[in-house]
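Colleague: Got a minute? I'd like to go through this model with you.
Modeller: Sure, put it up.
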Amino acid sequence: MNDDPEDFFPKYKEELVKIASETDIPEAVKRSVTAYRVNILKVFKSFPDSLQLAEEVRRIKEYSINHIKELVEEACESFERNKASCYLAKTAKEANEIVGDLVGSGKLVVKAKSMVTEEIGLREYLQELGNEVWETDLGELIIQLAGERPTHLIYPSIHMTRERVAKLFKEKLGVEVEPDISKLVATARRFLRDKLVKADVGISGANAVAADSGSILTIENESNIRLSTALPPKYIAVTGVEKIVPKLRDALTVLEATWRFIGYPAPSYVNMIFSASKTGDIENTVTYGAQGPKEMHVVLVDNGRIEVAKHPVLKESLYCLKCGACMFECPIFTLVAGNYGDKYPGGIGLIWSYFTGGNKERITSMLYACALCYRCKERCPLKIDTPRMITTLRSMLVKEGYVPPQVREIAEETLEANEKILEELEKNIQKNERK
Amino acid sequence: MSQEDKVLYYGSAYLRKIGMQEIDEASKKLLNKLGINYMTLDPEPFGLEWIPGLGYPEKSLALMKKFNELLKKINPCCVASPLDGVIYMWNAGLESMGLEPAVRFTDFSNFLYDWFMERGKPEFNEYSKKAYLHYPCCIGRKLGKGIYAEKILALLKMIPGLVIVETVHPDVQIGLRPPWAWSPCALSSMQILFPELHSRALVEELRFDFEAHKPEVLVTPCARAVWSFRNAFEKENVKDVEVIHISELLLKTVRWVS
């Protein structure tokens, strides 16, 4: 905590005001929100059962979070049965160390987009060990080159206009390219193909993990996850324990709801990985290390999740599919993108940032930017009550001494004034009764 | 002491605090014009309903409990308020804190609608304008009930000539959800803590709907929303849409009362 805890609010508030008024971020987000509205309309028209599907996913997630510890054990047993090694990392530090030991140093590492690896700072950790690490999702690559953090769960570079991306590619990749989206995509493709083919290690996250079969499931459009998880000789999956669901069919239901609420009628690819590559083509004897990875490792990250799963209100945050739909409806997000957030962007991101060890002063300030309009809950496929979690967290942080002075002043003055008013009102009522 | 034939009109003190006394006056004039027997509190509590959300639930709940006990003694037929945050807190909010309101709290326009249904509709002057109906999130999305919104819409439909338009949110367009579920928020709390961002965010909230409908008037039953919209429109130079509270609109249009 800061020496003068009252000082922090203006700093973060000013940061948001500056972003909204002095950058092209609102324009970039405006374009994305407009596109999202068109996409989601198409999805709901084509798949009118999307809300029912989401209700099913809600039930799956409720069960899974209530049985999180048992599912971690079951998933690990299943992975081991599939000859993949499984690790449970209690903290971010532990997760980084496990992956660091598996990767070593002096390696070329390709990574698929994963919020949990952002949460633990894995790329930076592996780079410090002397590895060359590349994000292979285009949005993540843009963010990596810009030295920034993702500003949306699905579209990490949503805050950047094409003009800014072209400028960035020129500066960081030395490639002169017009601010034309297809030309920018082609430039990234050329750059990343080379890295993907030569990589020693591939890392991905997961959209869901099936405990019964020990499988990692991912959704993607770019094919970078396929390539990152299939081409390098070593594959490491790093994912949060909250992604585990009991059965493979549950995981598939989770995936379908996720892509629909992202705004895709269908993603380009769904990947299911159960083990390292293998063959039984000679004498029907299973041998690992066929054309794809020779080894597969799964790192399940706790980092506060198992503890928050016990909280009566905040545990709902663990149901989040990370589809990012809520952000397109959030009034503050449309002005400042993921700068409204901390480790994780957006309203629900503040809850995640809190239990994964984010900056409490920043989180507190951002919590009060929420207008409690409930649009996020309305849009959320699982009807996660983020506004309720936000007010709960506000109250928890007030008790810890984190509250903007302006808020404290309003609250205390109102409470004090009303105390007097109610006393006087009571006297007046008694007087009237006597009359 | 029983006042069960009288409605308790609540919200004047808070409306004065935010400079919206004209809505308070319009609401009271309307009650008088309609011949509705009402009472007010002296002194009147204010703003308590917004304090739990700021992170002080226990202290505000203690005061609301006391207020609730006093309401039991006053015993009005119901409490009607043009502040929809009040309705939310005295219904769902209070319930979530394990407290039952001593009397029914209802939105002012809903109260009027019920009154008209029970005692007969007044006659209205024509009001030929295209009005964008803002359903406050406090009595729509937040409560998750359509009943308040339905009555608001029915009440406005009594005014001849008034063309009502609603949100064009994608879910509403394909009938997946009713308009009250997606009506933009007036972002009034943002106006208090983040005034520098408030007006831009609010105009952006209304962008799709205003582009689609080009309304002449924005009408809402929530006085705090009026406060927020008027300030934002002034800052952002939105001159072609007038913001009007339902009480003001009804006061203008109610012609004859039986």
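Colleague: Which domains is chain A divided into?
Modeller: Chain A has domain 1 (5–31 + 311–407) and domain 2 (46–307), with bounds from an automatic or database domain assignment. Keep in mind this is a predicted model, where local features need pLDDT of at least 70, side-chain atom pairs count only at pLDDT 80 or more, and totals for chains, interfaces and linings use all residues. Residues are numbered from 1 along each chain as its sequence is written, and chains are lettered from A and ligands numbered from 1 in the order in which they are written.
Colleague: How far apart are the C-alpha centres of those two?
Modeller: They lie 25 Å apart. The contact between them takes 26 residues from domain 1 of chain A and 28 residues from domain 2 of chain A, counting residues whose C-beta atoms, placed from the backbone, lie within 7 Å.
Colleague: Which element gives the most on the domain 1 side?
Modeller: That's α2(A), with four residues.
Colleague: OK, switching to the chains. How many residues does the contact take from each?
Modeller: 44 residues from chain B and 45 residues from chain A. On the chain B side, α3(B) has the largest share, nine residues; helices here are DSSP runs (H or I, at least four residues), numbered from the N terminus.
Colleague: And how do the residues on that side divide?
Modeller: The side of chain B that touches chain A has 27 nonpolar, six polar and eleven charged residues. Nonpolar is Ala, Val, Leu, Ile, Met, Phe, Trp, Tyr, Cys and Pro, charged is Asp, Glu, Lys and Arg, and the others, Gly among them, are polar.

Definitions and conventions:
Two residues are in contact if their C-beta atoms, placed from the backbone, lie within 7 Å. Helices (H or I, at least four residues) and strands (E, at least two) are DSSP runs, numbered from the N terminus.
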